[in-house]
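Here are some exercises to work through with the model open beside you. Try each task before reading its solution.

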Amino acid sequence: MRYIKLLVLLLAITACGEGLDPDITYPYPEEGVERQFFLNAQLSPAQPSRGEYINWNKGDKTIFRYVYAHPDEPNIADDELTEVFWIELDPEFDEFSFNLGTETQSSPLGMEFYYTRVCFCNSPAFEFTNLQVSGRKLSETEWTVNFNMTATANGQEFSMVDNGTYTLGTFDWD
């Protein structure tokens, strides 16, 4: 009985947070969405391929990263979930469009797509069942990108839709 009381006390302590620390700069805006693109980079799946992580390194591509950090439930420990949709594109294009229904996943534009779920869980690699993506360069520091995607793994289906402006991000590769 004493161990059960200790376990309940520990769960109560970890579940009762006080929210975000105002002295820390968090990587996502308050609404939980981040839209950025990066130049001179490339993507590759982790080996063995997993559904929670994509390698990104220096390279010769342009990559787009859409991040949605789900709201944290302060009364549940380890409920954090972030979904990430990645697009890799050859840098010479100022506009792109892709539809999985009419094109194969290896696009003539040198495009690749990835979906990941970052959480306290183990995810298999995801497979797209629906994927419609388009984008247009607005300036050297902005793109507009639209996507509608559905990915599946282990019989579960996950969908995301977005239409937004992506800004040039920087990454310290060193």
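**Warm-up: a glycine in a loop**

Glycine 110 is found in the loop between β5 and β6. This is a predicted model, in which local features need pLDDT of at least 70 and side-chain atom pairs count only at pLDDT 80 or more, while totals for chains, interfaces and linings use all residues. Residues are numbered from 1 along each chain as its sequence is written, and side-chain values use heavy atoms, with hydrogens and water left out. Strands (E, at least two residues) and helices (H or I, at least four) are DSSP runs numbered from the N terminus.

**Exercise 1.** Find which residues glycine 110 touches, not counting residues up to four places away in sequence.

*Solution.*
- Step 1: Apply the contact cut-off, heavy atoms within 4.5 Å.
- Step 2: Glycine 110 then touches Lys61, Glu88, Leu89 and Asp90.
- Step 3: For a distance check, take phenylalanine 93, which is 17 residues from glycine 110 in sequence and 10.0 Å from it in space, C-alpha to C-alpha.

**Exercise 2.** Describe the surroundings of glutamate 83, starting from its strand.

*Solution.*
- Step 1: Glutamate 83 belongs to strand β4 (residues 81-89).
- Step 2: With a relative accessible area of 7%, glutamate 83 is buried. The classes are buried under 20% relative accessible area, exposed over 50% and partly exposed in between (1.4 Å probe, protein chains only).
- Step 3: Nine of the nine residues of β4 are buried, so the strand is largely enclosed by the rest of the structure. On one side these are Leu81, Glu83, Phe85, Ile87 and Leu89, and on the other Thr82, Val84, Trp86 and Glu88.
- Step 4: The glutamate 83 side chain makes polar contacts with the side chains of tyrosine 115 (2.3 Å) and arginine 117 (3.2 Å). Such a contact is a pair of N or O atoms within 3.5 Å; within protein, one must be able to donate a hydrogen and the other to accept it, and residues adjacent in sequence count only if both atoms are side-chain atoms.
- Step 5: Strand β3 (residues 61-69) runs antiparallel to β4, joined by eight bridges; strands pair if DSSP finds at least two bridges between them. Opposite glutamate 83 stands tyrosine 68.

**Exercise 3.** Which strand pairs with β1 in the parallel sense, and which strand is joined to β9 by twelve bridges?

*Solution.*
- Step 1: β1 pairs in the parallel sense with strand β9 (residues 156-168) over two bridges. Leucine 168 is the bridge partner of phenylalanine 37 there.
- Step 2: β8 and β9 run antiparallel and are joined by twelve bridges, with asparagine 148 opposite valine 161 in β9.
- Step 3: The hairpin of β8 and β9 has two residues between the strands, and asparagine 154 takes a positive phi near 50 degrees in it.

**Exercise 4.** Classify two of the aromatic pairs in the structure, which holds 15.

*Solution.*
- Step 1: Rings of Phe, Tyr and Trp (its six-membered ring) pair if their centres lie within 6.5 Å; planes under 30 degrees apart count as stacked, over 60 as edge-to-face and the rest as tilted.
- Step 2: The rings of phenylalanine 37 and tryptophan 143 have centres 6.5 Å apart and planes at 70 degrees, so this pair is edge-to-face. Phenylalanine 37 in strand β1 (residues 33-45) and tryptophan 143 in strand β8 (residues 142-153) are 106 residues apart, and both are buried.
- Step 3: Phenylalanine 98 and phenylalanine 113 form a tilted pair, 4.7 Å centre to centre with 40 degrees between the planes. Phenylalanine 98 lies in strand β5 (residues 95-99) and phenylalanine 113 in strand β6 (residues 112-119), so the pair ties together parts 15 residues apart in sequence.
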